[in-house]
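User: I would like to learn how to read a two-chain model step by step. Could you walk me through it, general idea before the particular case?

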Protein chains: 2
Amino acid sequence: MMKNKVVRLTKRPNGFPSKETWSNSIDEVREIDKDEILVKNLYVSLDPAMRGWLNETRSYIPPVKIGEVMRAGTIGEVIKSKNSKFNEGDILSGWGGVQQYSISNGEGYFKVPTTQIPLPTYIGTLGMPGMTAYFGILEEGKIKEGDTVLVSAAAGAVGSIVGQIAKIKGCKVVGIAGGKDKCDYVVNELGFDGCVDYKNESVVRGIKRECPDGIDVYFDNVGGEILDAALVFLRIGARIVVCGAISQYNEMSAKGPNNYLSLLVNRASMKGMVVFDYAKNYPTATKEMSQWILDGTLKSKEDIYEGIENFYEVFKKLFNGEKKGKLILKL
Amino acid sequence: MMKNKVVRLTKRPNGFPSKETWSNSIDEVREIDKDEILVKNLYVSLDPAMRGWLNETRSYIPPVKIGEVMRAGTIGEVIKSKNSKFNEGDILSGWGGVQQYSISNGEGYFKVPTTQIPLPTYIGTLGMPGMTAYFGILEEGKIKEGDTVLVSAAAGAVGSIVGQIAKIKGCKVVGIAGGKDKCDYVVNELGFDGCVDYKNESVVRGIKRECPDGIDVYFDNVGGEILDAALVFLRIGARIVVCGAISQYNEMSAKGPNNYLSLLVNRASMKGMVVFDYAKNYPTATKEMSQWILDGTLKSKEDIYEGIENFYEVFKKLFNGEKKGKLILKL
């Protein structure tokens, strides 16, 4: 029998997850039934949204149950198939979870097209974070040429793509990131027009310097004080896309944006988005973004760590600012 | 020379305005020049928005200046005219301010159509509060038949009209108001389907009881804890119309909605509105609402107090819950 290293949710965390939130175990891989596939997972996607899936409260998808394999997007290779839609050797993206092998009826799995694009990109820029960026800034942010766009977590998997797409569409783009290294990366490598370093300057002063005429769209990945600062600079009719709130995910009680009445004064809107709502249009986005990646217009960066045993240590990097681009665990 | 009793802004308040925020004085009425009109003000509109106009900070209209006549909507009669558009005896609505007589070039003044509708209604349901309600719930709230609509300050000048319009459009409508008397009024006289009494029950429990399947639209006049409670019950795609925040206007530092991430989970939006943006469509709204008033579909309530000397005492009723419907000062 084949052995399967698995990371399971052991208990629900209060605040920041501890090592005991999950447990590592070794299962045996059972035989697959009719219509099933056995997938060997190659890459596991690590996303801030994972923190939300640990809570028992109502959310946009059910929480991960205690004892269940930790939910995660994956890229894997079919090594056995009794499903006519998939063949051995196919490379699939799907929800394989944090484990070496997954058995599935194939639902939610998609073949990765054979291209010159590296596999990890399919759970980054061409996966959930990239889809979030694409539909968030285009459909929810409704950017148009000449808009000033502010993006938090600008060096991250979502923010870095949001800003680059906004540049492609002719916007002025300013990022917010932590530390000189990340800010340099955002401006020099990703081509943003400016960056506010929230670790080394007042965010309000930084936005004022970079966006003296205010902002038309704020793409929010972080919430907290940075959202409050952005609210101060809204222009008439501005749109805030609420994509996430990294600063709040591990707090016992979330803190709302005290400056929200800026929405009233500026006839502005704040709207939440969940990428799954756009699932039927993923192929369009994948096609357009693949082209941008291939012609060098869109830069995709993955931060890859190895070993399923290191899941917890790598998970922590989602929140401690120790990564650039998309965080991935290679199995 | 005619004498004019005038209420002027004397100093900017911190927190709740004191009596010393304004001063009463007696001016002389000068002769009018070419193209000017002299209007004797009959009714002065008192609105929570007045509190915002006292602050020096950036807002949707300039603050009232120190020494200036306190800004207010008015209904008045033209008693002298050198303006070809207005005749002596015309009844006008406009921005006459808190004073007995106003001189103006007529800009922003509109003739009140002669109908069976009482004059004070033209600064209430057919004035700024009514226009706010009409465009707020229809254009911003985008209500459709069968929606569940929650309205705060439901016995107030705006909320009472919002709820009645939503009922006309086939929605289920639940109000939030303070005290049994107001709640009875909202349900029995205005025809709301239910009411949460925030003074005598937990708002969260009250909303849960009245809206067990959640809410599609929340029309927010108050902010604070009630906004936070409403956020808990948003349905997918819900809309929050941010019209005002009575609970926050007199606070030194505003408090944001801690549950705002409900916007994300529910793909919901929170959008600010300022009624002036709809000015060019006021005539349409006035026509439709006049008809509703005349045929008894829409109930308009005014709470009228007398005497310009009592401005401050009456102003306080905007915030202490001591009024139903539209607050008006009769001169």
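**Reading a two-chain model**

Analyst: Gladly. Keep in mind that this is a predicted model. Where shall we begin?

User: Let's begin with symmetry. Which rotation superposes chain A on chain B?

Analyst: In general, two copies of a chain are related by a rotation about an axis and a shift along it. Here the rotation is 180 degrees, the shift along the axis is 0.0 Å, and chain A falls on chain B with an RMSD of 0.0 Å. The two copies are thus related as by a two-fold rotation axis. Both copies use the same surface, since 100% of the contact residues of chain A recur in chain B.

User: How many residues does the contact take from chain A and from chain B?

Analyst: Chain A gives 27 residues and chain B gives 27 residues. On the side of chain A that touches chain B, the elements with two or more residues are α7 (262-265) and β13 (269-272) of chain A. The largest share there, 4 residues, comes from β13(A). By class, that side of chain A has 14 nonpolar, 9 polar and 4 charged residues.

User: How does β13(A) pair with strand β13 of chain B?

Analyst: Strands of a sheet pair through backbone hydrogen bonds, either parallel or antiparallel. In this case, β13(A) and β13(B) (residues 269-272) pair in the antiparallel sense over 3 bridges. A:Met270 stands opposite B:Met270 in that pairing.

User: What order do the strands have in the open sheet?

Analyst: Read it from one edge to the other. The sheet has 12 strands with mixed pairing, in the order β10(A)-β9(A)-β8(A)-β11(A)-β12(A)-β13(A)-β13(B)-β12(B)-β11(B)-β8(B)-β9(B)-β10(B). At the edges stand β10 (194-197) of chain A and β10 (194-197) of chain B, each with a single partner strand, so one side of each is left without a neighbour in the sheet. From one strand to the next, the twist averages 15 degrees. For a parallel pair, look at β8 (residues 148-151) and β9 (residues 172-177) of chain B, joined by 4 bridges. There B:Leu150 stands opposite B:Val174 in β9(B).

User: Which strands of chain A does helix α3 touch where it packs on the sheet?

Analyst: Helix α3 (residues 159-168) of chain A touches β8, β9 and β11 of chain A, and its direction makes about 165 degrees with that of β9(A). Helix α6 (residues 224-231) of chain A also packs on the sheet, touching β8, β9, β11 and β12 of chain A, with its direction at about 170 degrees to that of β11(A).

User: And helix against helix: at what angle do α2 and α8 of chain A pack?

Analyst: Compare their axes. Helix α2 (residues 128-140) and helix α8 (residues 282-294) of chain A pack at about 95 degrees, with axes 10 Å apart. They are therefore roughly perpendicular to each other. A:Gly130, A:Met131, A:Tyr134 and A:Phe135 in α2(A) meet A:Tyr282, A:Ala285 and A:Met289 in α8(A). This contact divides into 6 nonpolar residues, 1 polar and no charged.

User: Finally, into which domains is chain A divided?

Analyst: Domain 1 covers 3-124 + 300-330, and domain 2 covers 128-276. Their centres, taken over C-alpha atoms, are separated by 28 Å. The contact takes 19 residues from domain 1 of chain A and 15 residues from domain 2 of chain A. On the domain 1 side, α1 (49-53) and β15 (326-330) of chain A are the elements giving two or more residues, and the largest share, 3 residues, comes from α1(A).

Methods:
Residues are numbered from 1 along each chain as its sequence is written. Chains are lettered from A and ligands numbered from 1 in the order in which they are written. This is a predicted model: local features need pLDDT of at least 70, side-chain atom pairs count only at pLDDT 80 or more; totals for chains, interfaces and linings use all residues. Copies are superposed by least squares on the C-alpha atoms of residues with pLDDT of at least 70 in both. Two residues are in contact if their C-beta atoms, placed from the backbone, lie within 7 Å. Domain bounds come from an automatic or database domain assignment. Ala, Val, Leu, Ile, Met, Phe, Trp, Tyr, Cys and Pro count as nonpolar, Asp, Glu, Lys and Arg as charged, and the others, Gly among them, as polar. Two strands pair if DSSP finds at least two bridges between them. Axes are lines fitted to C-alpha atoms, for helices over the stretch in contact, and angles run from 0 to 180 degrees between N-to-C directions. Angles under 35 degrees count as roughly parallel, over 145 as roughly antiparallel, 65 to 115 as roughly perpendicular and the rest as oblique.
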